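Fancy a bit of practice at reading a structure? Have a look at the entry below, then try the exercises.

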Amino acid sequence: MNNAMRTMPAEAATVERYQGVVADSRFKRLWNANAPGYLFLLPWLLGFFGLTLGPALISLYLSFTDFDMLRSPGWVGAANYVRIATADPKFASAMSVTLTYVALSVPFKLAFALMVALALNRGVRGLPIYRAIFYLPSLLGASVAIAVLWRQLFAGDGLVNAALAQFGIQGPSWISHPSYSIYTLVALSVWQFGSPMIIFLAGLRQIPQDMYEAASLDGASKFRQFYKITLPLLTPVIFFNAVVQTIDAFKAFTPAFIISGGTGGPINSTLFYTLYLYQEAFGNFRMGYASALAWILVIIIAIFTAFSFLSSRYWVHYDD
Amino acid sequence: MTLRVSRRNFMAGGATLLSLSALGSSAFAQDARLRLLWWGSQPRADRTNKVSELYKAKNPGISITGEFLGWGDYWPRLATQVAGKNAPDVIQMDYRYIVEYAHRGALAPLDSYMPSKLNLADFDKAQIEGGSVDGHLYGVSLGANSAATMLNTIAFEEAGIDLPTKATTWEEFGKMAAELTKAGKRKGLFGMADGSGGEPLFENYLRQRGKALYTADAKVGFGVEEATEWFDMWNKFRENGACVPPDIQALDKNDIETNTLTLGKSAAGFAHSNQFVAYQQMNKDKLTLANHMRVTKDSKGGHYRKPSMFFSVSSQSKVVDQAVDYVNFFVTNPEAALALGVERGIPESAAMREVVAAKLDAVGKVPLEYVSGLGDLAGKLPPPPPAGAGEGELTLRNISEQVGFGQLTAADGGKQLVDELTRILARG
């Protein structure tokens, strides 16, 4: 084709033919420029259509059926959704456990992450090492091994109670008492503060130092500087972290699954929404119903995220 | 650069390729490929794989791949494989799920293979029935067992308390267990596990009272009265320290590793007899088996010989004949029986039972003697649990915990249990 282009004017080709080649070559040029990009994207594109979008659409279809994994699905209309809304006490119970978890774990985790980020933001010697150490729980945290470790720590005769016993306090079996079990899971989540912490750290680095210098010249206290400079300038980062962590918290599954042995017990106190969904799908052969539960979760997360974005215009300040 | 291939080289290369593929077909190609799936631990896997080796030695040209998982992971995996039309040929099936899988057409009926290919002539008739759904055989029982009380003999001895006998009632056992707790020979040791949420125990209790967990037509087989008295009895055990407190019981994930007996929190625990060998492996002290206690001195025993697990053949299998032949080998071949022992329960075939009994060690003899010695404590096999029974088991556990933690009275717990089970069964 390069040959053709080079020779074309010399041969005084017809205008029509010339235009055709130009249009053709524009597409080809575009393709030549982007082909490597698409090639590199290919694994992701395949994954997205094959493993994300495709299954999501199928699950939307299944949510209107009585699919039981073994027989072919039969259309039941909105029956699954009606049942969720009107006749499923476990849905309400799982939702309340999950909302409690989100409401507690997200703020605590963000506050903790910010505190550590502030501490690490100073010129500490060996900073990369500290950052790596503090980030470690986030890498390990979602794993089964850590959930098992947590089970050991917070059991009746675990390390936590051994420590409390030093002060003469006889602690309960935290993970297996319905009044406390959810808090051990919140603690496990807060402990995995690494990824918001790293993002906070990056955000803190963006704040110009001269602002602090000017403020201290004006006699502002450290606390006032934090309150009047750091926090407002950090709001975009806080916003980002809050949205990401909220979505993550809604989807939490592994810790509750491991710690309760998949039952959500004692007394449904750790019956996370996703755990209930899993029980319905794989324990009770109600894949259609579980799909409906999954879509309700999608809608709830969407509502929360939309609300965060709407509220953000009142408290998030973009420096411009 | 061009690659030149002369005619001679081409011919030589082609011949090499041909001979290689011929080598491949003789060495690797198989007449049949069998896939097995079962739940259990490593010792069971070793025994099962040994049987597969024996079978392969007798049937050259068959390849067998076996896979095993823990109970909790097993059912999601199996359901996913069946839904994905990728079911294993031979499936280990449980009494609890056989109705669900058979009704949904996932299992192949095996009647037409009997007796020529599948010879169950010397099986206990009642146990063959256990693998039948709607009059067709869907599962071949791999062994019989029964619900049991596991006792730590050393802990009882240390406290100076005799082991319960076949005549011991729940009331008496409650007193013995409370005494054992009070004796305080070991720190944090209670007399027994809190069995109020254990379905086999509750079922045994109901059967002694002439009721059932579920009826044959998929209804709740007991009333609020029985359930209330059950919860009430355990409330008393909790009050006088006979059983572990509820937050310790809640650690039990329904497996051997987390049973309060294995954790050293109780001197008595509740499990199935075929688990005895594994329990003994995980406990330093010498254990023994006893039946569940009697409700009253003259009540009938609520036990039954349960077909512990089945081998079923997938209806999707392309090698059903081969799969049936493997199952037949598994339950009727003496070498296979010796390899399996009593790990999956007592063999159903009378001939295999004799083969195994002659070679059992002391630990293996305990469950064998326990199950064969139940005598009049054992009654008729109840009908297979209806669809939804899995959810029912979780419901009993949940409500027993609410009663245990004092969130519900025994009476409210009893009422709620009947209500919820009724609702679950109606939904199916």
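Here come three exercises on a predicted model, each with a worked solution.

**Exercise 1.** Find which residues of chain A the UniProt annotation "transmembrane region" covers, and check how much helix there is in residues 38-62 and 180-204.

*Solution.* Start with the record: the unreviewed UniProt entry puts "transmembrane region" on residues 38-62, 99-120, 132-150, 180-204, 225-244, 256-278 and 290-310 of chain A. Next, take residues 38-62 of chain A: that span is 100% helix and 0% strand, with its end C-alpha atoms 32 Å apart. Now do residues 180-204 of chain A: here you get 88% helix and 0% strand, and the end C-alpha atoms lie 35 Å apart.

**Exercise 2.** Work out whether Trp44(A) is buried or exposed, and which surface patch it belongs to.

*Solution.* First, locate Trp44(A): it sits in helix α2 of chain A, residues 15-62. Then look at its relative accessibility, which is 54%. Exposed means over 50%, so Trp44(A) counts as exposed. Finally, look at its partners: Trp44(A) joins Phe27(A), Trp31(A), Tyr38(A) and Leu41(A) in a nonpolar surface patch, and together they have about 610 Å² of accessible area.

**Exercise 3.** Describe how chain B meets chain A, using contacts, buried area and salt bridges.

*Solution.* Begin with contacts: 33 residues of chain A touch 28 residues of chain B. Move on to area: about 2,600 Å² is buried between the two chains, and carbon and sulfur atoms give 55% of that. Then count salt bridges between chain B and chain A: there are three. One salt bridge pairs Arg286(A) with Glu391(B), whose closest N and O atoms are 2.9 Å apart.

How values were computed:
Residues are numbered from 1 along each chain as its sequence is written. Chains are lettered from A and ligands numbered from 1 in the order in which they are written. This is a predicted model: local features need pLDDT of at least 70, side-chain atom pairs count only at pLDDT 80 or more; totals for chains, interfaces and linings use all residues. Side-chain values use heavy atoms; hydrogens and water are left out. UniProt positions are given in the numbering used here, feature names are shortened, and annotations may be inferred rather than shown by experiment. Helices (H or I, at least four residues) and strands (E, at least two) are DSSP runs, numbered from the N terminus. Patches are made of residues with over 30% relative accessible area and no salt bridge: like charges are joined within 9 Å, nonpolar side chains (Val, Leu, Ile, Met, Phe, Trp, Tyr) within 5 Å. Accessible areas come from the Shrake-Rupley method with a 1.4 Å probe; for residues, only the protein chains shown count as cover. A salt bridge is a side-chain nitrogen of Lys or Arg within 4 Å of a carboxyl oxygen of Asp or Glu. Buried means under 20% relative accessible area, exposed over 50%, partly exposed in between (1.4 Å probe, protein chains only). Contact means heavy atoms within 4.5 Å. Buried area is the accessible area (1.4 Å probe) that two parts lose on being put together, summed over both.
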